[in-house]
Amino acid sequence: MRHNACPVEAPSPQVRLVEPPRISEVYVPDHLVKTAPLPDPASDVVEARGGVVCAASGDGLLLLFFAQMRLTARIVARQGDLPLRLPPDGFDPDHVPNVTRFVFNPLTHQISRLPPRVAKLDRDAGPLFDVHMGLVTQADRGHGPPDRFAVAELPEENLMLRFLSEKGKWETVAVSPCQLPSARRMDIHHEVLAFRGRLWWVDQTWGAISVDPFSDRPELSFVELPRGSVLPPGAPTRERVSMHFLGYAPSDDDEDGGKVSWGLYRRVGVSEGRLRYVEVSTKEPYLLSSFALDDNGSGWTLEHRVALSKLWADGGYPWLPLKEGMTPRISLLHPLNSSVVYLKVDKHIVVVDMDMKEVTGSYLYKTNFDCIPCVLPPWLGSSRIPSAGSLKLTDPGV
């Protein structure tokens, strides 16, 4: 599913579902996103609206964030009543974006608006900082359509902000800390994962921290990355989410001041019912390695290691020869086949089967893109989102 979601003039939500390696897309009616008045047309401020598919539950529900923002765009002249402006050059510092959050069923098109998020937390946190939220569900039978869901984030070390569908409101709860192997802060730029009833926040240079957001006494747990993959504190990973609110993915054309942006080359995901970690080296022969977390969560097992340069050495692929600075990056893991990884090579999505040691597919995109995996179980098309929020809409065409 494409990471950025588009507000459109339409009566109801829409989804363009396509077969991988093409990327599906979500469109939400503009009237659901417009929650604040427009800026004065005579001012040096313009409105912008955009959104992201923030996270996916393990059973196909999506967490959507849409922001109604204001950008500075100075008026330099007028043509009659029409102002002529310079291109937008940043967010209006005097305006806090209006953020709307939805839980969405991509098969039935049912959409449920969550109530406004209210919490007295860190004043220094940016207006878009809460996009690092996750969505997880529970079913009383242990499988099948969910009976409840939780949306949560960890804005501070000892606090969790959560929305429980059964309560229908946001609440801030204390969490019991866990013993970390070193005194460093986690740097989160990875989508939040749902796995085994817990939400997982991933630092792609260090490890993952998880919590059960349904628990009355939530406790944090930490898993370090495989030995040899842990990097020193401060290794750059690049924040990308605010760019998606503007409707495009940030360019991968260069590194951060000559430093490797490690978030492009590492990914954690759920595949075949296990938590897995995949990385690709930044130099020839571009080693692609995948690891599986042990069932007890105590360590990782190396499952695959493939040299991409050897894999496509025969040539004939449209992304070869590699352009300078366009080394292979990790896009996502196949959620149902742990040997399959989707790579980004320049503007191409490249599908590599590590068991078969071959390229099994590719697709060319004309623009930059980011995406997250989403599994659509067979019962999703006939299930409803558990009761939540202040507004519930169902596509009348379904």
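## Close-up views of two open sheets in a predicted model

**View 1. An open sheet of four strands, ordered E10-E11-E12-E13.** The strands pair in the antiparallel sense. Strand E10 (134–138) and strand E13 (169–174) stand at the edges. Each has a single partner strand, so one side of E10 and one side of E13 are left without a neighbour in the sheet. From one strand to the next, the twist averages 30°. The model shown here, and in every view below, is predicted.

**View 2. Pairing of strands E11 and E12.** Strand E11 covers residues 148–156. Strand E12 covers residues 159–164. Five bridges join E11 and E12, and the pairing is antiparallel. To find one position in this pairing, look for Val151: Phe163 in E12 stands opposite.

**View 3. An open sheet of four strands, ordered E18-E19-E20-E21.** Pairing in this sheet is antiparallel. Its edge strands are strand E18 (266–271) and strand E21 (300–307). E18 pairs on one side only, and so does E21. The twist from one strand to the next averages 20°.

**View 4. Pairing of edge strand E18 with strand E19.** Strand E19 runs over residues 274–280. E18 and E19 are joined in the antiparallel sense by six bridges. Val270 has its bridge partner in E19: Leu275. Val270 and Leu275 can serve as landmarks for this view.

Conventions. Residues numbered from 1 in each chain as written. Predicted model: local features only at pLDDT ≥ 70, side-chain atom pairs only at ≥ 80, totals over all residues. Heavy atoms only, no water. Pairing = 2+ DSSP bridges. Axes fitted to C-alpha atoms, helices over the stretch in contact; angles between N-to-C directions.
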